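User: I am new to this model and would appreciate a close look at one strand in its setting. How are its residues placed, and what surrounds them?

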Amino acid sequence: MAHAFFLGVDLDGAASDDSFGATLTILEKEKEQSDAQASFRLDHARRHRDVDSLDELADHVQGLIAERPYIGRTSLVVNRASADGEALVDALSDRGLDPVAATLTEGSGSVPGERDEVGVSLGTADAVRTLAELYRDRRFGIDDHSSEAASELARGVQRASEVLDEADGNQDTPEAAGSTLEALNNVDTTVASAALAAWVGTERSFDPSQHLKEDPHAGRDGSLGG
């Protein structure tokens with residue numbers, strides 16, 4: 001059975017003057033047979049509320065994916081929409097990692113990054129839709145996880161799938177369906193980090209060294225404080 005891991009990282013606003021928050025979500029991608037569709041399951045979800053520095057967070061991510069079973073099988077994606085997100089991408093790159101630098105936007109579609117980087121500008125609603133569609137198709141599981149972040153993710157994905165059901169059911173008024181999907185832009189870091197992991201997971205094969213496609217798909221339209 002082929003399998004790989006995808007780690008999505010999204011940063012919160014500052015928790016205090018001296019610290020900030022971050023959510024790390026790891027999805028495992030599995031494929032039992034060559035002709036079967038790949039499925040995803042939640043492997044790790046943690047919301048860290050009191051991170052003292054970006055270097056501390058980068059060290060934690062580096063140490064996490066050096067553990068078994070992640071080592072050599074994990075692709076990393078970071079939301080760099082904020083200045084701190086950009087700095088985290090740089091910190092991870094300085095440590096020899098190769099993160100996908102994803103800029104989540106309120107628009108739609110996806111645009112590849114510059115040729116000298118692994119990056120993409122991606123509509124938040126498109127990424128969340130990818131995750132919600134996996135959930136609706138029973139190709140994404142969150143079973144056997146009791147962390148706060150996992151519980152928040154389960155609720156968020158359920159809400160996103162309900163938004164998607166409503167939009168898809170409105171076939172006669174596509175304009176209304178489009179406006180309904182705008183709700184998918186308003187998600188917290190637990191859903192955003194998982195959506196990033198899911199989106200990259202659907203774009204990549206099981207080879208973590210593979211880069212994103214030049215024309216990426218945009219959908220049908222250390223220890224840390226915990």
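Analyst: Two strands are said to pair if DSSP finds at least two bridges between them. In this predicted model, β4 and β5 are joined by three bridges and run parallel. Within this arrangement, Val77 stands opposite Val100, a residue of β5. To pass from β4 to β5, the chain goes through helix α2, residues 83-94, in a right-handed β-α-β crossover.

The strand β4 itself spans residues 74-79 and is mostly covered, with six of its six residues buried. In a regular strand, side chains alternate between the two faces of the sheet. In β4, Thr74, Leu76 and Val78 point one way, while Ser75, Val77 and Asn79 point the other way. The residues on both sides are buried.

The wider setting includes the nonpolar cores. The largest of these has 39 residues, and Leu27, Leu42, Leu131, Phe140, Leu153 and Leu184 have the most contacts inside it. At least two residues of this core come from each of β1, β3, β5, β7, α3, α4 and α6; thus the partner strand β5 is one of the contributors. Helix α6 gives the largest share, nine residues. A second, separate core holds 23 residues, among them Val9, Ile65, Val78 and Ala101. Val78, a member of this second core, belongs to the group on β4 that also contains Thr74 and Leu76.

How values were computed:
Residues are numbered from 1 along each chain as its sequence is written. This is a predicted model: local features need pLDDT of at least 70, side-chain atom pairs count only at pLDDT 80 or more; totals for chains, interfaces and linings use all residues. Side-chain values use heavy atoms; hydrogens and water are left out. A nonpolar core is a set of buried Ala, Val, Leu, Ile, Met, Phe, Trp, Tyr and Cys residues joined through side-chain atoms within 4.5 Å. Buried means under 20% relative accessible area, exposed over 50%, partly exposed in between (1.4 Å probe, protein chains only). Helices (H or I, at least four residues) and strands (E, at least two) are DSSP runs, numbered from the N terminus. A crossover is right-handed if, with the strands pointing away from the viewer, the path from the first strand over the helix to the second runs clockwise.
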